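Trainee: Could you take me through one part of this model up close, the place where the two chains meet, and then carry on into the second chain? I'd like one connected walk rather than a list.

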Amino acid sequence: MFNSYVKTSLHYQPTKCINCEICLDVCPHGVFIPGKKAVQLAKPWECMECGACQINCPTSAISVDSGVGCAAAMISAALRGKKLDQKEECT
Amino acid sequence: MDIPDAAPEKINIFPTTSKLSRKNSWDHIQARWGIRRGHHRVIPGLYVLGNPQPSAPVFVTANYTLSFDALRSTLGEMDTYILVLDTQGINVWCAAGKGTFGTAELENRIEICRLQEVVTSRLLILPQLGAPGVAAHEVKKRTGFHIEYGPIRAEDLPEYLKTHQANQAMRSVRFNLKDRITLIPVELVHVLIPLIIAGVVIYYLGGLLPALATLLAIIAGVAIFPIVLPWLPTHDFSSKGWILGMLVTLPFTLAMLFKGAAPVWWLQVGIALALQLALPVVTAFIALNFTGSTPFTSRSGVKKEIFVYIPLMASLFGGGILLALGAILVHNLGRM
């Protein structure tokens, strides 16, 4: 209850991981931790869907529906008749 | 026909220093208060700090004065280069989200500034929060420059540069009290005009107490909410804001009930109830909008909040307004 931030769109396929650990560097929330053969998804609920890991992953092992978690931008997009899923612009 | 070789065009490199002037400080204050938004820009291009060797690494930043100044002021006595991308005067994090601090602009700026000719090093140090816009492996493939993501905050750079390794604290975003307070002025400036209009309209309709209650509900959302954010119960911004709104409105509702501010008892009760219904929603709505200023709300979560809470907010707010207008109307009709 009163927590909308439990589930995120982050999806990780460890089989594709080459353990380069760039995701450990770019994630501002420590969502990934080092692993033996592949990095491990440690705190998926902390993910803010910024997309840094996805764009920097050289083997596309990570996917996330990235975007700005900004209600103001999403509401104004909705009011202008755009879909909520479109990329919003910050002002 | 022979085309004579054009004289090699001189590479434009701007000198800069790590010292912030009084003019810079004034510019920062204006930026924090939302004054001349969009005018806090640095010319994109290559800057030189001190007297660097061609083997010096290149730091990359956005052409927002607060970003550029945070970087150069922390580099101190270092002799190095700074590559400023054209992010249209937007900070690194927001520009990376938009893609203007991104792979294309970085590659484009490297080419425009002929960076390959200026430096022999092939190392670019980017702020970590620029990563959502930049595919490091792509840039490496196409330009030969290796990207290293430095710490989130420029102030951690000196420590980082000792080993080129960032610890978890440098890699994690924080949003401490000071960070949150820094955001209040610009938020206040945003609501100033609606604040004045709401205050005046409600003063004429309902009197002083409801007008003050409204002002406080708005100010609570803008200025108190960021401060008390971590200590408010529940996780969602809407529910946190609603709780804060209930608390700040309650004294006014009670005063309305017991001080006999209105001529008849039922009008008093009606307006008091209307305040307690409508105003916490205003605080909650402003709180929900604060999600965009924090470094941790995900888009999935915010979307969910909008779907769950906006209909509720609309009903409560509408109910409160109808109740107040109804009570005032019936009272005025009764006097005729």
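Mentor: Sure, let's start where the chains touch: 35 residues of chain A are in contact with 37 residues of chain B. Keep in mind that this is a predicted model. On the chain A side, the elements giving two or more residues to that contact are helix H1 (22–26), helix H2 (52–56) and helix H3 (71–79) of chain A. H3(A) supplies the largest share, five residues. If you sort the chain A side by class, you get 20 nonpolar, eleven polar and four charged residues.

Now cross over to chain B. Its domain assignment gives domain 1 (13–173) and domain 2 (179–335), and the C-alpha centres of domain 1 and domain 2 of chain B lie 41 Å apart. The contact between them takes four residues from domain 1 of chain B and seven residues from domain 2 of chain B. On the domain 1 side, those residues split into two nonpolar, one polar and one charged.

Next, have a look at the sheet in chain B. This is an open sheet of six strands with mixed pairing, and the order reads E1-E2-E4-E3-E5-E6. Strand E1 (13–16) and strand E6 (146–149) of chain B stand at the edges; each has a single partner strand, so one side of each is left without a neighbour in the sheet. From one strand to the next, the twist averages 30°. For E6(B), you can follow the pairing with strand E5 (residues 123–126) of chain B: the two run parallel and are joined by four bridges. Want a pair to click on? B:Ile125 has B:Glu148 in E6(B) as its bridge partner.

Finally, go to a single residue, B:Gly270, which lies in helix H13 (residues 265–289) of chain B. B:Gly270 counts as buried because 21 other C-beta atoms lie within 10 Å, and the cut-off for that label is 20 or more. Which residues does B:Gly270 contact, leaving aside its neighbours within four places in sequence? They are B:Leu323, B:Ala324 and B:Ala327. If you'd like a long-range pair to put on screen, try B:Gly270 and B:Arg32: they are 238 residues apart in sequence and 41 Å apart in space, C-alpha to C-alpha.

Note on methods: Residues numbered from 1 in each chain as written. Chains lettered and ligands numbered in written order. Predicted model: local features only at pLDDT ≥ 70, side-chain atom pairs only at ≥ 80, totals over all residues. Contact = placed C-beta atoms within 7 Å. Nonpolar A, V, L, I, M, F, W, Y, C, P; charged D, E, K, R; others polar. Domains from an automatic or database assignment. Buried ≥ 20, exposed ≤ 12 C-beta atoms within 10 Å, placed from the backbone. Pairing = 2+ DSSP bridges. Axes fitted to C-alpha atoms, helices over the stretch in contact; angles between N-to-C directions.
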